[in-house]
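Hi,

Here is the structure I promised to pass along. Have a look at it first, and my notes follow underneath.

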Amino acid sequence: MLSLVALSFVGTLQGQNAPYWQQHVDYKMEVNMDVKNYQYTGKQELTYTNNSPDTLKVVFYHLFLNAFQPDSEMDARLRTIRDPDSRMAINKGTKENPQYESRIASLKPDEIGYLKVSNLTQDGSPVKYHTEGTILKVELNKPIAPHKSTTFKMDFAGQAPVMIRRTGRNSPDGVALSMSQWYPKIAEYDYRGWDTTEYIAREFYGVWGNFDVKITLDKDYIVGGSGYLQNNNEIGFGYEDTGVKVPKVKGKTRTWHFYAPQVHDFTWAADPQFIHDKHDAGNGITLHFLYKKYPEVWKRIQPDMLKTFDFYNKFVGKYPWRQYSFIQGGDGGMEYAMCTLIEGEEAYESLLSTAVHELGHAWFQHILASDETHYPWLDEGFTSYIQDLALSRITGVAPFTSFYRSYDRYVKSKFEETPTHHSDRFDTNYAYSITAYVKGALFLRQLEYIIGEKNVEKTLQLYYKRFAFKHPQPHDFIRCAEEVSGMQLDWYLNEFMQTPDHVDYAVEKVEAKGQQTQITLRRVDRMPLPADVFVVDKSGNTHYYYIPLRMQFGEKENPYSYERKVLPAWGWAYPTYSFEVAIPFENIQKVVIDPYNITTDINRDNNTFQP
């Protein structure tokens, strides 16, 4: 059953200006895995509830594993993009003249991934369907009217591919099965219509529902993943630390029965050599760790992950499920419902950073679950932001420093692109990564400069409370920030995440004006921001002047220990702004814009004037 916290989230799907509706699914699946040839068969019963105002005449499913076949769109993309993922392509050339070869192109029939659907029915009657790449289109016999439900049943067969990206067999750490994207998954339907994006290795967007899953495989394998184990007494999983022996099983297989409520995904991993540790995270929640390589490092991160879990609960909001699992598997780090698959690392710092990041996705991907096809930064960036805050508390390293460096390099490169691209349409993986992770994190960091650090924290908490389990969009977050700060902020979303504009403010001129000094600032680039200006006199005294933007219609609280003077607002159409300070010019030591380097100003050399 759902926790009381989760139930409080899904009760009233009401946005700030318009009603929110979400489709709902209930999956029942039984799968039999042959661990020798990595092939499996399954049965799926899916009850689909149409909560939209539209009558649906077709439905679509994702068949993700079909991407791992020669000449798939994922394969084609690897052969044409200028900087393919190094895990998915091999450089046959040199560093100066790379010649990439897709790993998918050379997969043999027994190495590819696939999902094949058969015997598909709607409410007991066969339906027409056909597959295009990773998408299955189903033509309904009976349209699904608003607020009505229908039940689909199917048989399916799959093959776990050689590990190329995220899913498959024999991961880099030797984990036998990393089973993400393994089942026919019904596509999301929202105000845009059906999400029929071909799988090319980006993120996922799914329908929340309840998953009842039975997995049968070799009895020596240990399974971890999404959901709560329903037959623990039969399996013996988790009993190792109490001295209870794993029950003996007649035959060669064992069935693991999981139930995962109110999730939009179900993932599992299995290996006969998994070590299992678990910790009480409080409030009836257990953190599980399943791993087989680098055990010293995996054990070392466990207390730090308990601290991180507690930090996220307090900083963003309460985690609604009863368990979360860190599982060694996959090819890097990837978030899934109630769990993450993480490739092992010999270095503690690397594994810690990955684990902290992936745990953050439990809030921004699996509870808020924004549409990453269109707004990847709303998940990846926000997760990176809280990741750096959490890591700074564990390691003592100042947060966001690497983000600023990466952003500066990106702006100076020839690869910068407008952030509004569809996730798969960026010209380079580099541009996608910086936009989603780095610029997304700096969106929140720079928002601190506009509305204040505490208000950003309050905004995240309001956003989480109001839009959990609702697939929010960028304007939903901005409306929360406006409510918390009392400012108008749509301009910030537009300028920073929907245009190619940059921040560049300069101290243009400082000159004597009688016994006072006149200071002229210039907005060099197009991106507007309010301005914090410090004037330091030759006695070492700091004078703080705050210039709000006219379009924000408000001002932040003073974040510094210095007394502040609020100046008239700066209108965007004026490229320069002048004001006078009651300090003689000859007594000016320096004038600095944004003295703590919080903004993304692309030229800090012109931020300071020194006579």
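Let me start with a helix pair. Helix α8 (residues 429-451) packs with helix α10 (residues 474-485) at an angle of about 25 degrees, their axes being 12 Å apart. Axes here are lines fitted to C-alpha atoms, for helices over the stretch in contact, with angles running from 0 to 180 degrees between N-to-C directions. Helices (H or I, at least four residues) and strands (E, at least two) are DSSP runs, numbered from the N terminus. So α8 and α10 are roughly parallel to each other (angles under 35 degrees count as that, over 145 as roughly antiparallel, 65 to 115 as roughly perpendicular and the rest as oblique).

Which residues make the contact? On α8 they are F443, L444, L447 and I451, and on α10 they are F477, I478, A481 and S485, where contact means heavy atoms within 4.5 Å. By type, the residues of this α8 and α10 contact come out as 7 nonpolar, 1 polar and no charged (nonpolar is Ala, Val, Leu, Ile, Met, Phe, Trp, Tyr, Cys and Pro, charged is Asp, Glu, Lys and Arg, and polar is the others, Gly among them).

A word on the source: this is a predicted model, so local features need pLDDT of at least 70 and side-chain atom pairs count only at pLDDT 80 or more, while totals for chains, interfaces and linings use all residues. Residues are numbered from 1 along each chain as its sequence is written, and side-chain values use heavy atoms, with hydrogens and water left out.

Now the whole chain. It has 11 helices and 33 strands, and its C-alpha trace spans about 95 × 55 × 55 Å along the principal axes. Of the 611 residues, 57% count as buried, meaning under 20% relative accessible area (exposed is over 50%, partly exposed in between; 1.4 Å probe, protein chains only).

Helix α11 (residues 490-497) is mostly covered, with 6 of its 8 residues buried: W491, Y492, L493, E495, F496 and M497. Those buried residues pack against α6 (377-395), α7 (401-412), α8 and α10, so you meet the opening pair again here.

One last residue: N313, in helix α4 (residues 295-315). N313 is buried, at a relative accessible area of 17%. Leaving out residues up to four places away in sequence, N313 touches K318, Y319 and W363.

Cheers
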